[in-house]
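Visitor: I like to know the reasons behind the labels people put on a structure. Could you walk me through this one and explain how each term is earned?

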Amino acid sequence: MLSLSRLIAVSVVLLQLTNALHFYVRTGETKCFFEELQRDTLVVGKIDAYEKDDHSNEYSKNGKLRVQITIVETFDNNHQVIDQKSSPNGEFTFTSLDSGEHKFCLTPVYSDNTHNKLHRIFFDVVQGSTHDYVDSKSTKSVDELTKRVNTLYEKLDKIHWEQETMREREALFRDQSESTNSRVVKWSIVQLFVLIGTCVYQLRHLKSFFVKQKIV
């Protein structure tokens with residue numbers, strides 16, 4: 001038997017409508033996003049949060065990091081749908097009761113009250129109709145859909161890994177470019193001094209030659 005959250009995750013993959021993004025925010029700051037949802041829409045969200053190391057400038061996981069998730073219906077006097085704290089690799093699910101604009105707000109916090117950290121948060125949302133899993137009693141069908149859900153999450157993880165790899169390559173290329181530019185500037189300065197020195201030497205040599213020849 002699959003859990004209710006698994007059934008929800010299985011159902012939404014039928015439509016495969018996914019919104020994925022990432023953003024940067026400091027501890028205690030709130031970042032909000034707006035999404036127009038239809039009535040009876042299943043929403044599955046995935047959080048992947050990292051903190052920045054002030055010394056190495058690298059992003060890594062911290063078991064004490066939590067992400068406060070708040071979802072409200074802006075069309076119904078900001079009626080609160082979800083208010084929970086998620087782990088760095090957390091998920092949440094809910095069903096929209098009415099059609100309208102929903103506000104998703106994420107706030108990184110720490111269980112030990114750590115503050116003033118910079119965070120990079122990946123936020124993925126998948127949505128679909130609740131009527132798409134009426135036939136979920138079929139074990140074979142559910143198993144197939146479960147595989148598709150797992151495949152989807154694996155693809156998301158792969159995309160995140162590729163993004164990290166690209167950022168590392170960009171940082172390495174930038175460092176190499178800056179180093180090359182610095183060398184070019186230094187070499188140009190050296191060449192300039194050599195050229196000036198050569199000109200001065202030639203002028204003195206010519207002046208001495210002209211003096212000896214009694215031309216000047």
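Guide: Happily; here is a short tour in questions and replies.

Guide: Please keep in mind that this is a predicted model.

Visitor: What makes up the fold of the protein chain, in helices and strands?

Guide: The protein chain has 2 helices and 9 strands. Along the sequence they run α-β-β-β-β-β-β-β-β-β-α, and of the contacts between residues at least 6 apart in sequence, 78% connect residues at least 24 apart.

Visitor: How much of the protein chain is buried, and how much area is exposed?

Guide: Of the 216 residues, 31% are buried. The exposed area comes to about 14,300 Å², with 54% of it supplied by carbon and sulfur atoms.

Visitor: Why is the link of Cys-32 and Cys-105 called a disulfide?

Guide: The sulfur atoms of Cys-32 and Cys-105 lie 2.0 Å apart. The cut-off is within 2.5 Å, so the pair qualifies as a disulfide. By this rule the count is 1 disulfide. The angle about its S-S bond is 105°, and the link is right-handed.

Visitor: Which parts of the chain does that pair link?

Guide: Distant ones: Cys-32 belongs to strand β2 (residues 31-37) and Cys-105 to strand β8 (residues 100-110), with the two positions 73 residues apart in sequence.

Visitor: Why is Cys-105 called buried, and why is Cys-32 called partly exposed?

Guide: Cys-105 has 12% relative accessibility, and buried means under 20%, so Cys-105 is buried. Cys-32 has 30%, which falls between the limits of 20% and 50%, so Cys-32 is partly exposed. Cys-199, with a relative accessible area of 37%, is partly exposed for that reason too.

Visitor: What is unusual about phi at Asn-78 and Asn-116?

Guide: Most residues other than glycine have a negative phi. Asn-78 is not a glycine, yet its phi is positive, at about 55°. Asn-116 also has a positive phi, near 60°, in a residue other than glycine.

Visitor: Where do Asn-78 and Asn-116 lie, and are they buried or exposed?

Guide: Asn-78 sits in the loop between β5 (65-73) and β6 (79-86). Its relative accessible area is 44%, which is not over 50% and not under 20%, so Asn-78 is partly exposed. Asn-116 is in the loop between β8 and β9 (118-129). Its 53% is over the 50% limit, so Asn-116 is exposed.

Visitor: What lines the largest pocket, and which helix gives the most to the lining?

Guide: The largest pocket holds about 270 Å³ of space. Its lining includes Tyr-24, Asn-57, Tyr-59, Arg-120, Glu-164, Arg-167 and Ala-171. Helix α2 (residues 139-212) gives the most, with 6 residues.

Visitor: How do the residues of that lining divide into nonpolar, polar and charged?

Guide: They divide into 3 nonpolar, 1 polar and 7 charged. Glu and Arg count as charged, so Glu-58, Glu-168, Glu-170 and Arg-174 are among the charged lining residues.

Visitor: How many cavities of 30 Å³ or more are there, and what lines the second largest?

Guide: The structure holds 2 cavities of 30 Å³ or more. The second largest has a volume of about 30 Å³, and its lining is formed by Val-44, Gly-45, Lys-46, Asp-124, Val-125, Val-126, Tyr-153 and Leu-156. The elements that each give two or more of these residues are β3 (41-52), β9 and α2. This lining divides into 5 nonpolar, 1 polar and 2 charged residues. Gly counts as polar, so Gly-45 is the polar one.

Visitor: How do you know that Leu-156 and Tyr-153 are buried?

Guide: Leu-156, in helix α2, has a relative accessible area of 8%; that is under 20%, so Leu-156 is buried. Tyr-153, in helix α2, has 14%, also under 20%, so Tyr-153 is buried.

Visitor: What does Tyr-153 touch, and how far apart are the C-alpha atoms of Tyr-153 and Lys-46?

Guide: Leaving aside residues up to four places away in sequence, Tyr-153 touches Val-44, Lys-46 and Glu-91. Tyr-153 and Lys-46 are 107 residues apart along the chain, and their C-alpha atoms are separated by 9.3 Å. As for Leu-156 and Asp-124, they are 32 residues apart in sequence and 8.5 Å apart in space, C-alpha to C-alpha.

Methods:
Residues are numbered from 1 along each chain as its sequence is written. This is a predicted model: local features need pLDDT of at least 70, side-chain atom pairs count only at pLDDT 80 or more; totals for chains, interfaces and linings use all residues. Side-chain values use heavy atoms; hydrogens and water are left out. Helices (H or I, at least four residues) and strands (E, at least two) are DSSP runs, numbered from the N terminus. Buried means under 20% relative accessible area, exposed over 50%, partly exposed in between (1.4 Å probe, protein chains only). Contact means heavy atoms within 4.5 Å. Accessible areas come from the Shrake-Rupley method with a 1.4 Å probe; for residues, only the protein chains shown count as cover. On a 1 Å grid over the protein atoms alone, a cavity is a set of points where a 1.4 Å probe fits but cannot get out, and a pocket is an open set with protein on both sides within 12 Å along at least five of seven lines; lining residues have an atom within 4 Å of a point. Grid points are joined across faces, edges and corners, and a volume is the space filled by probe spheres set on the points.
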